[in-house]
Amino acid sequence: MHVMDTNKSYAGQVSRHLAIYAFGILAVLFLFIYALAFFAGTAGSSVNGNAINIERNSITIALSEEPPQLDSTRSTDASSFIVLAHTMEGLISYDDNDQLIPGVAERWEIKDDGATFWIREEAKWSDGKPVTAHDFEFAWKRVLDPDTAAEYAFILYPIKNAEAVNQGNLPKEMLGVRAISDSILEVDFERPTPYFDKLAAFNTYFPVREDFFGSTNGRYGADADMLLYNGPYILDEWVHGASMVWKKNPFYWNDQKGFLDEIVTAYITNDVNANLNLFKDGQIVQTALSAPMLPTAMEQRWQIDRFMDGSLFFLEFNHRSDRMTENLNFRKALLLAQDPNELVYKVLKEASYLPAESLFPVWIQGLEGAFRKEYPAPQHRLDIGKAKEHLDLAKAELGIEEFPPIVLLTGDSSLSLLAAEYYQELYKKNLGLEIRIDAQIFKQRLAKMTSGDFDIVMAGWGPDYFDALTFGDLFASWNLNNRGRYQSDKMDDLVRIAQSELDPRKRMDAFGEIQELIHDDVVIVPMYERGVSFVVDSRLKGFKRRSVGPQVDFNYAYINDQ
Amino acid sequence: MSSLSPADFERISNSSEKENISRPSLSYWADAWIRLKANKRALLSLYLIVALLLFTIVGPLIWTIDPAFQDLDQISQPPGSNRLALIVDDYEPWTGLSSSSENGLRLAESATTMAVRLVWDVLPNASGHRVYRNIFPVGTERAYGIPLAEYFDNSTLFFEDRLDLKPRRYFYSIVSLGENGELQDEYQSIAVDLQRVTTMNEARAKGLILPNSELTTGDSINLNLHPLGTDYLGRDMLSRLMEGARVSLFIGIGAPCLFILFGIIYGSFAGFMGGKIDQFLMRFADFVVALPFLLFMILFKIAFGIGPGESGVFPMLVALVVLMWPGTARLVRGQILQIREQGYIGASQLLGARTNYLIFRHMLPNTLGVVLVTITFAIPSAIFIEAFLSFIGMGVAPPTPSWGAMSNEGIKNMLTSPHELLLPAILISITVLAFNLLGDGLRDAFDARLRNQE
Amino acid sequence: MISYIIKRLLQGLLTVWFIATATFFAMHNVPGDPLLNDRAVSEAIRANLESKYGLDQPLGTQYLIYLKNLSQGDFGISFTQENREVNDIIREHFPVSAILGILAVVFAATGGILFGALTAIYRNRLPDFIIMILVILGISVPSFVIAAMSQLALVSFNSLIGVTVIPVAGWGTIFHMLTPALVLGLGTMAYLTRLMRSSMLEVVGSDYIRTAKSKGIPAPRIFTRHQIRNAILPVVTVLGPSIASITTGGFVVELVFAIPGLGRYFVQAVQQLDYTVIMGTTVFYGAFLVFMVILVDILYGLVDPRVRLEK
């Protein structure tokens, strides 16, 4: 191969030449990149603060998703809740101990048939004009207007005629809300709602000013300048998909909230590793930690904290008549053949998760203390023998020899797939059942849940407000979120009591009975109460995580450099 | 001007020895085959491919552990871990009683991988306590580690830890809480070494204790052997890799072969025909490339009627082929356009070669270089796309493993248990290497310019 | 040439129309409901939402309305980002993806050609082996891993130096672009290396190379003028679609490095069944791809004069 013989010197010469070329190309590349950077600078944003900037009294954080829009009457996702919690304020708000405190309303009164709120004078919008009761009336009417198609409209249903207005059966003017004057707001109830103050702290109850709204031409909430703010911070800059800058609102009335001058959201990604790396690199001020990241956190000697995020996850059965899971004994068999402790402690391994015992999480308040202390959850023990008995009973009742494959509907997150695979093998081992895992992406899972195309679904529920009812009404027959279509008169009666009973003890008793009924009749397989392990830069104090309200709360945060 | 003699003009005799045939005339294909056999790279690739096939087909017959079996006491174990365990009684819930008479933070009983039971006395100024666990000593920075529990009054002075207990040393700490639940300065810390344990029932369920065995609590036994370690659910890596090989090799080799075959036919046809046909065919290829992949995958899944949770390997193969051929087609077409203009093609045509002959004998072997490169890259692509598609329910359904899915799962625990990612990745690399070498060998064998050069 | 370009553009338009149509009907036949959300809504609200987005019309009507809007350049309003027009989304985020993509392809091409040439020259010797092993390892590891590991490496690098030299994530300055582009381009770089190597090896034995050498032409000139020029053709073929696929497939890198590119929006749109964004980005990407292919075909004819694009 004589071509190869000359290759040596050929190669030598060429590679030298190549090297020169390489240098030349790299130089051109450099210039090219600079040129690109010029254009990139105009396309992207350049807010890149370090995690804590002491001179500017500013911090940098990361958000996991971008808020689709910031119209408080229509927002439904966690990210917009976070932004709105810092830039807006409702009648009532939470202090840093999760207690209700006056917000825009300086005092209020809740009676059997309604409530009255007195708006404080100092409450102002970010353009200097005062916040008035009219702003709340306008906002709430907008939420319930069927044309708005607000998904959280249901949370205003305790207001008189709210549901009818929302269904389009009554005009907006008939809604039981009136601004008697600029500073007094009167609300009529559909039925007695003693927990209305807790509801009023929710995002969907935030005010919107009518004249400003009109001036945005349907783009209210779409951009930073398409919003009016009455909270501790204003949205100064919003580069979609990239970053946000929140600046202290000069017109905000409460000097006990909002100590930082600036909060920069410089990164939007939900990749846990990216967040960890950003924190490690000192670019953001806090991050959540998933189980695989904990060894790194311990190695870095970080101060790890944890928090219950409030949501509960459980296996929900399909109660429709054409499903195997409609059979009570079958459900009981599945309940008895598992142990949530094993799921949480051995399989999921998240330090902040708690094995669930009941539909009501451990932090729900009862009469004086924790609900679960006053009304303990029914005892559960893994009992394979008893489970098999129930299974045989179920087979006899259904008239079958063996159970057909059972479909477990789950999401596409790795945690839900992990749990699903665990259950698949567990039920095969303990009960000889074949479970098929139906992993679907979000919208398709929802569609299947709504149409009832599943036997078991891995469900989760996050609290909307600080009252047991937010979990307690899940299995009422009229609740559209009751995807399994469980129906019993007893449950419906109990929920009605829980909704409008004025005697707190009777109300709590109703919840206690609901808990029992869920264990005995509805039968769910409680999985875990979700929590978050997280780490915060040690120089930042006052950072809060909340189970009801924004996941991360910087309203009380301040920089302490010691 | 040399001098010529009449002797120079004498005729040479017509004996037949002068024109001996020293060896038989070889056709192009025969020559290529001989060269292939002699090629060292091709030989190596052959060994690798045979090894992979043995691994896939014979392996499960020898190593018979169920790939779906979850050994929850040995989750994410690296290969070669110690598996000695002490047999203890079954787990009973703890009420906080302790027979220990010491003071301060202490163990209520010996610490095992089943539970670590701690008791403590009220710390000074404490309105509550928080329990932490670390894998490193707390040290002066007060890095307590992972918070495990909080108690906001002093009525509960015990805690049972069952979270992900490994047989190693942990450092537990108790920190005092103030009235608002905030951390205060006082703390206590102890080091605890955990003993790996199992119970009689569990051991029997895993087949570790035979019915007539005399083992009882207090004895030690070895837990199941996992030569390559276990994954995040305690499943044996070796058997999962073997079972995953079937799917991954089938899709990883089958799909590329098919779509490349189709791409070659399509591309060479387009390139050879040229003109309007070429334009039309290429535009259609562009159209296919631009379609949103995920969307159409979902449609395929429905079209094939795959039920929830069922494995849809064959539909996946079809889907992959249908959506991935354009790349090869365009590449081959480009090569054909170039080759079409070469001198030997024209010469061949003049000699009366028909189109088939031109394509199969001249053009295609010369596109082989490019095609083989594409195959090399298509294999891991197909494997990873298959893994990705299991998210929407295409491909294999759990618990059936595949190398791509195992790699994806291994990413999450990349830092803590790298073997979960490395092992499938190594196998994928070996597969790619094998076909890479095979491709090189084939290309060398078929390269007409190297012909007859030994 | 001009008439050729015009012809190709018209064909491109037709292709894009096909793409839009196929995607439209495929999208509407995928199960799942874009209007469903975590919190169930009542019938009345549901009906309102449907009419707001025009989903209550028969499919054919929806299609025609969509085409009409499309011809006027109106891609509609995103379902999930309810106040943003798809045009805006594309306009704001595509340049980011494009810059990232182009940079990635530049890296890939430079590296690919360079390394490919190297392996061809040093065939069967040490540099060849090393590069080939790297190539194989590189493609056997999922891209997510490479992205995560490189980010980790950056963090370590920064902490070693003590100051953040190279940003770990985000977008805005040239330093933000380097690592993501490199990671994004690695796969294509590996592919181009192999491609280049293979075609160079073919060319190296060619007669005209031998002729040139025997004519005494200096090696470097042979290399550039003859060898590279001929071997580069497959690379050029791949380059156009590479740009398109890298730009659209940069999703993983965009996620890990928190880059506000279009890739993320597109993947989220499919998961959320955001019809307008899916259609908008598909049509846009389709047009982009078609354009790239046309560009590449023209380049083809320029690089290799023997190639005649038309009969």
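This is a short tutorial chat about a predicted model, covering the contact between two chains and one sheet.

User: Let's start with the interface. How many residues of chain A are in contact with chain B?

Analyst: On the chain A side, 41 residues touch 53 residues of chain B. Together the two chains bury about 4,000 Å², with 55% of that on carbon and sulfur atoms. A:Met298, A:Arg301 and A:Arg306 supply 16% of the area chain A buries against chain B, more than any other three residues.

User: And the charged pairs: how many salt bridges are there between chain A and chain B?

Analyst: Look for a Lys or Arg side-chain nitrogen within 4 Å of an Asp or Glu carboxyl oxygen. Here the count is five. Try B:Asp73 with A:Lys346, where the closest N and O atoms are 3.2 Å apart.

User: Which element gives the most to the side of chain A that touches chain B?

Analyst: That's H14(A), with eight residues. By type, that side of chain A has 17 nonpolar, eight polar and 16 charged residues.

User: Now the sheet. What is the order of the four strands in chain B?

Analyst: Generally, strands of a sheet pair through backbone hydrogen bonds, either parallel or antiparallel. In chain B, the open sheet runs S5-S4-S7-S8, with antiparallel pairing.

User: Why is one side of S5 and of S8 in chain B left without a neighbour?

Analyst: Strands S5 (146–151) and S8 (183–193) of chain B stand at the edges with a single partner strand each, so one side of each has no neighbour in the sheet. From one strand to the next, the twist averages 20°. To follow one pairing, take S4(B) and S5(B), joined by five bridges; B:Tyr132 sits opposite B:Pro147 of S5(B).

Methods
Residues numbered from 1 in each chain as written. Chains lettered and ligands numbered in written order. Predicted model: local features only at pLDDT ≥ 70, side-chain atom pairs only at ≥ 80, totals over all residues. Heavy atoms only, no water. Contact = heavy atoms within 4.5 Å. Buried area = accessible area lost by both parts, 1.4 Å probe. Helix = DSSP H or I, 4+ residues; strand = E, 2+ residues; numbered from the N terminus. Nonpolar A, V, L, I, M, F, W, Y, C, P; charged D, E, K, R; others polar. Pairing = 2+ DSSP bridges. Axes fitted to C-alpha atoms, helices over the stretch in contact; angles between N-to-C directions.
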